[in-house]
Amino acid sequence: MAACSFRRSIAFQLSKVLDLPPENLIKSISAVPVSKKRRVADFQLSIASVTEDNSRDCLAPDLHLQAQKLAEGLKCDAVVSEISAGPGTVNFTINRELLAKTVLRQVLKDGSEYGVKSELFSTVPKQKAVIEFSSPNIAKKFHIGHLRSTIVGNFIANLKVALGHEVIRMNYLGDWGMQFGLLGVGFQLFGNKEKLKTSPLQHLFEVYVQINKAAEDENTKKLAKDFFRKLEEHDEQTLSLWKQFRDFSIDEYIRIYKRLGVHFDEYSGESFYQEKSKEVLKMLENKGLLQKTIKGTGIVDLSEKKDLSSFSTVMRSDGTSLYITRDLAAAIDRMNKHNCDTMIYVTDKSQSNHFQQLFQILKLMGYDWVERCQHVSFGLVQGMKTRRGEVIFLEDVLNEVRSRMLENMASTKTTKEIEDPMETAEKVGLAALIIQDFQGLLSSDYQFSWDRALQSRGDTGVFLQYTHARLHRYDEVLYRSSQDLQPKHIVSYLLTLSHLAAVAHKTLPVKGSTPELAQARLCLFQAARSVLANGMKLLGITPVTQM
C-alpha cells in the first residue's frame with residue numbers, strides 16, 4: 001500500500017538516526033490532514049511518542065528542540081523531498097510525482113482491498129465477532145432508534161468483514177413477554193388471517209393498538225394472562241398462532257432490510273431464552289447471588305459493600321423471568337455456541353444502565369469473557385417525521401426518502417436518462433440519511449432535517465492542494481474507525497475527497513487534453529471513485545452510476 005511504503009521509508013531513515021527498530025516507529029508516523037488554507041506536509045512524526053523518557057516529563061520547548069535536532073540529522077532522498085521541524089513534530093513532504101504515481105497505482109491495483117491491506121492492521125489479530133443490532137419488537141413501532149441501530153450495526157459488521165474478521169450478524173427480536181398475551185387476545189377479536197399474511201407488521205400493530213384500548217378491562221387482562229400462560233406452557237394452538245406472528249413478521253422484515261442493503265445471519269429473540277432463563281435463575285441461586293425481597297421478587301446485589309445500594313431485579317414475584325434474565329441466558333448461550341472473541345450490542349444510550357448491570361452480573365457469575373462484551377451506544381434523533389406524521393414503520397422512512405429524492409431529481413436537468421429512477425432515488429436518499437446520521441459522534445443526539453439531509457451541496461471551495469496525492473490517508477482513517485467503531489472518521493474523509501475531486505474535475509479536464517495527460521487524469525478520477533465506492537459500501541451505501 002502506498003502510504004505504507006512511504007511510512008516505511010521514513011521509519012527506515014529514522015531508525016538509523018534514533019537507533020530504534022523501524023517497526024517501533026511506524027505507528028508514530030501519521031499522515032497530516034489536508035488543509036484548506038495552506039500547503040502542509042504529508043507525514044509527521046510525533047517526538048513525544050518515540051522519546052525514551054516519559055513524554056509527560058518532557059516540556060514543550062525540549063520537545064521542540066529535540067525535533068529540530070532530529071530534523072537536522074535527516075537527509076532528503078528519492079522519496080522525501082522536504083524535512084522540517086514543527087512544535088514537537090518532524091514533518092516530511094513526499095516527492096510529488098512519486099506520491100501521485102504510487103498512490104494511483106496502488107488504488108487501481110488493490111481495488112476494493114485498498115486501505116484494508118495496510119500494515120497498520122498487520123498486528124491486529126483476526127477475530128470472530130457476534131454483533132447484535134436492529135432488534136425491533138413484533139407488533140410495536142419500528143422507531144427511529146431501531147433504524148439507527150440497524151445502520152450503525154451494519155457499518156460495524158461491514159468494517160469488521162472488510163478487515164478480515166468473521167462476523168455473525170444477529171437480530172434479537174422482541175418476540176416474547178406479556179404483550180403477546182394481549183396481542184393473542186386482540187387477534188382472536190380483531191384479527192384477519194389474510195391481512196396477517198399480506199402486511200403482518202401493519203396488521204399486528206393495528207390489532208395491538210385496538211386491544212390496548214381495552215386493556216384496562218379486568219376481563220381482557222385475565223384473558224391476556226391466560227393466553228400468555230398457555231404460551232409459556234407450550235399449548236399447541238396458542239403457540240401456532242404466536243409462531244405465525246413471528247414468521248410472517250420476519251419475512252416482511254427481511255424484505256424491508258433488503259431495501260436498506262442489510263442482512264442477518266440469525267434471527268434470534270427473547271422467546272429462545274424463556275426456558276434457559278430458568279436455568280440462569282438456578283445458577284444464580286446455586287452461586288448464592290440470588291436474593292428474595294419481601295415482595296417475593298428475585299434480585300442480584302451489585303453494590304461493592306454488599307449493602308444493596310445498587311441491585312438488579314432478575315425475577316418476578318411469580319417466579320417468571322424478566323428482560324435482563326433472558327439477556328443473561330442469551331449472552332451465555334451465544335458464547336457457548338459461537339465461542340466468539342467479541343460480542344457487540346448496538347442500542348441507544350438509554351440502555352447503558354441495562355448493559356452495565358448485565359455485564360456486572362455475568363462477571364459475578366464468573367464469566368471472564370464478559371471483558372470482551374461491548375455496548376456501542378448512540379444518541380437520540382429528534383424530529384424525524386414523514387408527511388403523514390410520526391414514523392411507525394421502517395418502510396415509512398424508506399418510502400419518504402424515495403419520494404422526496406424523486407421530487408428533487410425531477411427538478412434537475414440530468415435525471416431524464418436514468419434507467420431506474422425509483423431505485424436510484426432510494427439509494428441516493430439512503431446515502432443522505434446515513435451520512436447525516438454518521439457525521440457526528442454516535443453518542444450525540446441530533447435534530448433530524450429532511451432538507452439538510454437531501455440537499456446536494458456542491459464544492460465548498462476546498463483547495464485543490466495536491467488532491468491526487470491525498471488519497472493515501474485512507475488506511476489511517478479505517479484504522480481509527482476500527483479502533484473506536486465510530487463511522488464519522490470515514491465520513492469526513494469521503495466528504496473531503498469528494499470536494500477535492502469536484503475541484504479537480506473543474507481544473508483538470510480530461511476532454512480536450514493530450515492523450516497522455518487525459519490518461520493520467522482519468523486514472524486519478526478512477527482511483528478517487530474506487531476509494532469512494534469502498535468507503536460508501538462500508539457505511540452501508542450502494543454507490544450509483546447515474547443520478
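In this analysis, Ala, Val, Leu, Ile, Met, Phe, Trp, Tyr, Cys and Pro are counted as nonpolar, Asp, Glu, Lys and Arg as charged, and the remaining residues, Gly among them, as polar. On this basis, the lining of the second largest pocket of the predicted model comprises 10 nonpolar, 5 polar and 6 charged residues. The space in this second largest pocket amounts to about 510 Å³. The lining is made up of 21 residues, of which Pro33, Arg473, Glu476, Val477 and Arg480 lie closest to the pocket centre. Two or more lining residues are supplied by each of strand E1 (29–31), helix H17 (474–484) and helix H18 (488–507). The greatest contribution to this lining is that of H18, with 6 residues.

Enclosed space was examined as well. The model contains 3 cavities of 30 Å³ or more, and the largest cavity has a volume of about 70 Å³. Its lining consists of Ile144, Leu147, Arg148, Ile151, Val381, Met384, Leu430, Leu433, Asp437, Tyr446 and Phe448. Helix H5 and helix H15 (421–438) are the elements that give two or more residues to this lining. The largest share, 4 residues, is provided by H5. By residue class, the lining of the largest cavity holds 9 nonpolar and 2 charged residues, with no polar residue.

Helix H5 (144–162) is preceded by a loop that connects it to strand E5 (128–132), and Ala139 is located in this loop. The phi angle of Ala139 is near 75°, a positive value in a residue other than glycine. Ala139 is classed as buried because its relative accessibility is 7%, below the 20% limit used for that class. Strand E5 itself runs parallel to strand E6, to which it is joined by 5 bridges. Within this pairing, Ile131 has Arg169 of E6 as its bridge partner. Strand E6 (residues 166–173) is mostly covered, with 7 of its 8 residues buried.

A further set of strands forms an open sheet of 3 strands in the order E8-E9-E10, with antiparallel pairing. Strand E8 (290–292) and E10 occupy the edges; each has a single partner strand, and one side of each is therefore left without a neighbour in the sheet. From one strand to the next, the twist averages 40°. Between E8 and E9, which run antiparallel, there are 3 bridges, and Leu290 is placed opposite Val300 in E9. Helix H13 (residues 352–364) packs on this sheet, where it touches E9 and E10, and its direction makes about 80° with that of E10. In general, the strands of a sheet pair through backbone hydrogen bonds, in either a parallel or an antiparallel manner.

The loop between strand E9 (298–301) and strand E10 (311–315) contains Leu308. This residue, although not a glycine, has a positive phi of about 60°. With a relative accessibility of 36%, Leu308 counts as partly exposed, because this class covers values between the 20% and 50% limits. Positive phi values are thus described for two loop positions, Ala139 and Leu308; Ala139 is buried, whereas Leu308 is partly exposed.

Technical notes: Residues numbered from 1 in each chain as written. Predicted model: local features only at pLDDT ≥ 70, side-chain atom pairs only at ≥ 80, totals over all residues. Heavy atoms only, no water. Buried < 20%, exposed > 50% of the residue type's maximum accessible area, 1.4 Å probe, protein only. Pairing = 2+ DSSP bridges. Axes fitted to C-alpha atoms, helices over the stretch in contact; angles between N-to-C directions. Contact = heavy atoms within 4.5 Å. 1 Å grid on protein atoms, 1.4 Å probe; cavity = no way out; pocket = protein on both sides within 12 Å on 5 of 7 lines; lining within 4 Å. Points joined across faces, edges and corners; volume = space filled by probe spheres on them.
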